[in-house]
Amino acid sequence: MELSRAQARRIALAAQGFLDPAHATPTMRTLDRTLARTGVLQVDSVNVLARAHLMPLYSRMGPYDPALLERAASGREKRRLVEYWAHVQALMPVDLWPHMRFRMEGYRAQRGKWGFTADPTLEPAVLDAVRERGPVTARELDGDFSGPRTKEHWGWNWSDARKVLDYLFLVGDVAIAGRSSQFEVRYDVPERVLPRAVLDAPTPTLDESALELVRRAARSHGVATGACLADYYRMRFQPATGPVPAANAREAIATLVGTGELEPVRIEGWGKPAYLHVDARRPRRVAARTLLSPFDPLVWERARTEALFDFHYRIEIYVPKPQRTFGYYVLPFLLGDRIVARVDLKADRVGGRLLVQGAYAEPTAPVETAHELAQELRRLAGWLGLDDVVVADRGDLAAPLSVLTR
């Protein structure tokens with residue numbers, strides 16, 4: 001089968017939930033439907049606009065109460081989501097926990113993942129402290145397990161307690177119960193975080209986990225290359241090169257093609273083979289209008305974003321300000337089935353303002369782009385509890401937006 005780029009784009013948007021009907025007041029059922037599309041929600045500490053895991057739900061559901069997500073990621077027996085290294089740090093469905101055990105054992109074999117090693121002599125005591133005092137933050141344990149912090153690893157100036165807790169989290173000996181108001185991780189033992197049925201579930205084989213992860217990635221993509229399917233849950237797409245086991249996406253893709261769950265397809269302009277999920281919807285039209293987080297699953301694989309939308313996208317958080325092209329925290333603007341603009345946004349929570357620090361149209365943006373973007377900016381501001389939209393003078397959309405958002 002051969003698909004045009006436009007067909008592939010609409011299939012991808014439908015798979016990610018942009019075809020689902022809006023609800024006036026999103027409910028837990030709306031949330032469940034949306035999470036079934038995205039599969040995971042990336043977690044990131046940047047809070048210049050809204051936390052990374054909150055925005056993809058807004059982009060698909062519209063203005064919603066974040067308490068819905070808090071409920072879904074709390075408690076034990078009714079918990080729906082838990083954090084783990086599923087894509088990167090991400091909220092994932094609790095039933096994926098058994099399928100992450102191969103990854104946990106891999107981290108145990110290599111003593112973590114960051115290139116420095118937690119002190120193994122502290123592990124039993126830290127684990128006992130979590131069991132006794134959890135849920136607990138690393139800062140709350142620092143006084144009991146303090147050691148000199150070093151700057152040997154840039155960006156990882158962690159205390160001894162933090163290093164040990166991170167290792168115990170990676171290997172599954174502790175789990176993340178939630179986060180504090182300062183977004184600090186609160187650790188606890190898995191038996192107080194995860195439903196009993198999840199903890200008691202048998203450990204799948206490596207092949208079984210690979211199959212399940214690729215199957216979920218394929219549903220969330222709709223249509224994708226093998227490399228994209230592997231990236232969604234950060235799996236290998238090449239033969240193993242070391243002693244640590246890792247799920248292999250290539251073998252799982254071949255199995256799913258054999259069972260008919262995936263169909264090999266060719267996509268206009270793509271130089272690599274692609275795979276269409278058997279249940280993927282193939283809409284003739286997508287009527288989306290929303291802003292996308294830089295960490296949204298639709299755009300987090302930048303090569304796929306460019307192949308689908310002809311949209312070159314890079315996040316410039318770590319680029320020195322004078323060298324930035326578009327701004328610090330730039331969100332793509334999705335209109336219909338195209339990305340037609342990008343805006344550099346910041347929430348001024350003290351002043352109650354949504355700051356539009358730059359606004360740029362794509363070369364093929366339709367004439368209604370500024371009008372539609374102004375409406376979306378007002379909607380986003382309302383969801384964030386901000387009263388005003390203030391537009392700076394950077395970008396070719398700045399002038400019309402400053403008039404339309406007054």
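Tutor: Before we turn to this predicted model, one cut-off is needed: a residue counts as buried under 20% relative accessible area, as exposed over 50%, and as partly exposed in between.

Student: Why is D95 called partly exposed?

Tutor: The relative accessibility of D95 is 40%, and since partly exposed covers what lies between under 20% and over 50%, D95 is therefore placed in that class.

Student: What makes R216 count as buried?

Tutor: R216 has a relative accessibility of 16%, and because buried means under 20%, R216 counts as buried.

Student: How do you know that D95 forms a salt bridge with R216?

Tutor: The closest N and O atoms of D95 and R216 are 3.2 Å apart, and a salt bridge asks for a side-chain nitrogen of Lys or Arg within 4 Å of a carboxyl oxygen of Asp or Glu, so the pair qualifies.

Student: Which parts does this pair tie together?

Tutor: D95 lies in the loop between strand 4 (89-93) and helix 5 (101-109), whereas R216 lies in helix 10 (residues 206-221), so the pair ties together parts that are 121 residues apart in sequence. Both residues also belong to a network of salt bridges that links them with E212, R215 and E261.

Student: Why is D188 called buried, and R192 partly exposed?

Tutor: D188 has 4% relative accessibility, so D188 counts as buried, while R192, at 38%, counts as partly exposed. Their side chains meet in a salt bridge, with 2.7 Å from N to O, which again satisfies the requirement of being within 4 Å.

Terms used: Residues numbered from 1 in each chain as written. Predicted model: local features only at pLDDT ≥ 70, side-chain atom pairs only at ≥ 80, totals over all residues. Heavy atoms only, no water. Helix = DSSP H or I, 4+ residues; strand = E, 2+ residues; numbered from the N terminus. Buried < 20%, exposed > 50% of the residue type's maximum accessible area, 1.4 Å probe, protein only.
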